Amino acid sequence: MSAGNTTVSGTTAFVVGRPARQLWLRAALSILWLIGVAACGGKAPDTPTMPQPASASTPQADKKPRVALLSPGPISDDGWNAFGYDALKIIEKELGCEVRQQQVNDSPADREQAFRAFAQEGFDIIIGHGGEFTDQALTVARDFPHTTFVVTAGDKAAPNVVSVVFDTGEASYLAGAIAATLSKTGRAGAIGGQNIPASARNLYAFRNGARAINPKMEVAIAFIGSWTDTAAARQQALALIEQGADILIHDCDAAAAGVFQAVKERNVQAFGMQKDQSHLAPDHIIGSPTSNPRGLAEVVRRILQREQKGEVVHLGLKDNAVGFTLKKGIISKELEGKLNALTLAIQKGEIDVFKEQP
Amino acid sequence: MAWVAESGRAIVSSVAAVILALSAGAIVLWVAGYAPLPALWVMAQAAFGSQFALADTLIKATPLALCGVGVTLAFRSGQFNIGAEGQMLMGALAAVILGRLLVTGWAVVFVLLGAAIIGSLWAWLAAWLKTARGVSEVISTLMLNFIAFWLVSWLVHGPLQEGAKSYPQTDLVAEALWLGRWLPPTRLHTGVFVAVGAAVVGYVWLFMTPIGLRVRVLGESPQAAWTAGIDPVRTTWLALAVSGACAGLAGGVEVLGVSRRLYEQFSPGYGYMAVAVALLARRHPLGVLPAAVCFGALEVGAAGLQRAVGVSAGLASIVEAFVVLAVVVVGGREADAV
């Protein structure tokens, strides 16, 4: 009876080791404590700031509109989540709103809980930052008709649910055109986070743009299944480079750090995404398709002034909500002219950047 | 009345653990630049301050209690089952598959039963490895957690992915199966009663039946069990099966009550937290209920802290980790006994 024997010896060992074990645990606790102090000490302000009391308990005299942002990842990602937070800051400063932000786990149940919690506190507008918030926004919106729910990159609407789609793909299309012109191997790679429609559309637009210039251009599109796994992103980038890609684009938020790492290791070129990311790999990043946080703030302003009905709002190059930042001196006059022509054509609606879909 | 004094001591030490943890958490908050007492008040408000807050706490406490009862029963038999996470995931998987096949309301019972059986079978794997091959259940249950996680991950990305193929998640289970919600617009569901029922049944099973007695004797002293002619293999199998059934049931209840579908991040670590719940409960099935509420409140309070004050999600998790650590430090002797 092996089960019994193991336990007997185990128990004896514990009896002997008991005081030491407790001591060890206490020591571990104090060490953790010190690490915590050391880690947070640098950033801590000298005087502890008073947290604002939860507003539910203290009704305010001046009714500032209240806007909450639910982020699917850390707002320090220099990409999608940072972009959402930038919009929230504009909403706070320029629209005079009281704002809050919460990072939500990648779980529908947690997204629903966060929506409900803010709605319950009486928030006027709650922004779910990403298409994955769509279902939960629609569900919770039925229970809270006086709150407006905004889903960025969503594809559905309801009387009090507004979806705002940034057609970043229009700028990715331009990036694709640049890639096709600059690539020496005729191959490029695109790395996505999770394979969700918004991200896939964006990367396919890159391929469409590349093929508009060079119909034989090969663009491999791969998804790593995560928005934060930098190691997986680096591996995927290295694999694409092995296959001959000399220009990469990404749409994987915080995980992109791994893409830039690989790009630096193998000395190839890459595009940023959402924000101007050139500072993350200055020698290797050609440019970045960007979303303008003012586009989102503008939708919030329209909702507050009751000018916005529940619908899917598409924002793109023509609304100045999507843009493209380009490193100086990297492209020829000829290509610049071509890009300007493409931009104009996209703005006029003459080119469908999403022509070929996943 | 020795047991009164004993329970008294147990309760005092558990409460002390919670207080120690909260003060440690307060120090972390203070170091990070937040006034600790108002911050703790915000947490308490977020967890208990309104009908809505209380409902959220109970929703989080439900899977914690069910897994906690399971872990407790395994602990009592001397098995350190840290596989509640995997058993719960397998239960949820069973519930989602059955929930797509059976679409009438009365089938709820069968769906939950199926979840419990699959969770139980998952725990049996660990019992088999232990009794037949001598593999430590600590290692096997932990590894089975990973297998369950990646199995679910593969299924929701592949064969079981929703019809729309947009997100890595399954379709919703049939609406007729959804557990009733009272107090709308909160999500409080009838699964709470299942958790309370499981704790009571677990208590009766452990303390008032001959099988429960055998389980406890085996856990307290395998030598005594040997002398008394208790079959250690059979008893180990039984204890782990019941333990896994509780965790599987937690998965089923969570699917039908809250998530209504399955996806990768289905559990924010309920199965692991359940180990701390069982320790805080001093391995008593009824003690699991307040302990689960305590951890549920902490989860909800941490989210509330982030909403109200902007404490980052990482800091909130640190506070939670301190509670777990303090429970082990104060309840150290209990942890050793397992």
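What follows is a short look at the fold of chain B, its helix H12 and its nonpolar core.

The model is predicted, so to speak of local features takes a pLDDT of at least 70 and side-chain atom pairs count only at pLDDT 80 or more, while totals for chains, interfaces and linings use all residues. Residues are numbered from 1 along each chain as its sequence is written, with chains lettered from A and ligands numbered from 1 in the order in which they are written.

Chain B turns out to have 14 helices and zero strands (DSSP runs numbered from the N terminus: H or I of at least four residues for helices, E of at least two for strands). Its C-alpha atoms fit a box of roughly 60 × 50 × 35 Å along the principal axes. Of the 338 residues in chain B, 58% are buried, that is, with 20 or more other C-beta atoms, placed from the backbone, within 10 Å of their own.

Helix H12 of chain B covers residues 288–309 and reaches 31 Å from first to last C-alpha, close to the expected 32 Å (1.5 Å times one less than its number of residues). Because 21 of its 22 residues are buried, H12(B) is largely enclosed by the rest of the structure. Next comes B:Gly310, with a positive phi near 80°.

The largest nonpolar core (buried Ala, Val, Leu, Ile, Met, Phe, Trp, Tyr and Cys residues joined through C-beta atoms within 7 Å) has 120 residues, and B:Cys67 and B:Val277 are among those with the most contacts inside it. Apart from that core lies another, of 101 residues, including A:Val150 and A:Phe324.

Definitions and conventions: Buried ≥ 20, exposed ≤ 12 C-beta atoms within 10 Å, placed from the backbone.
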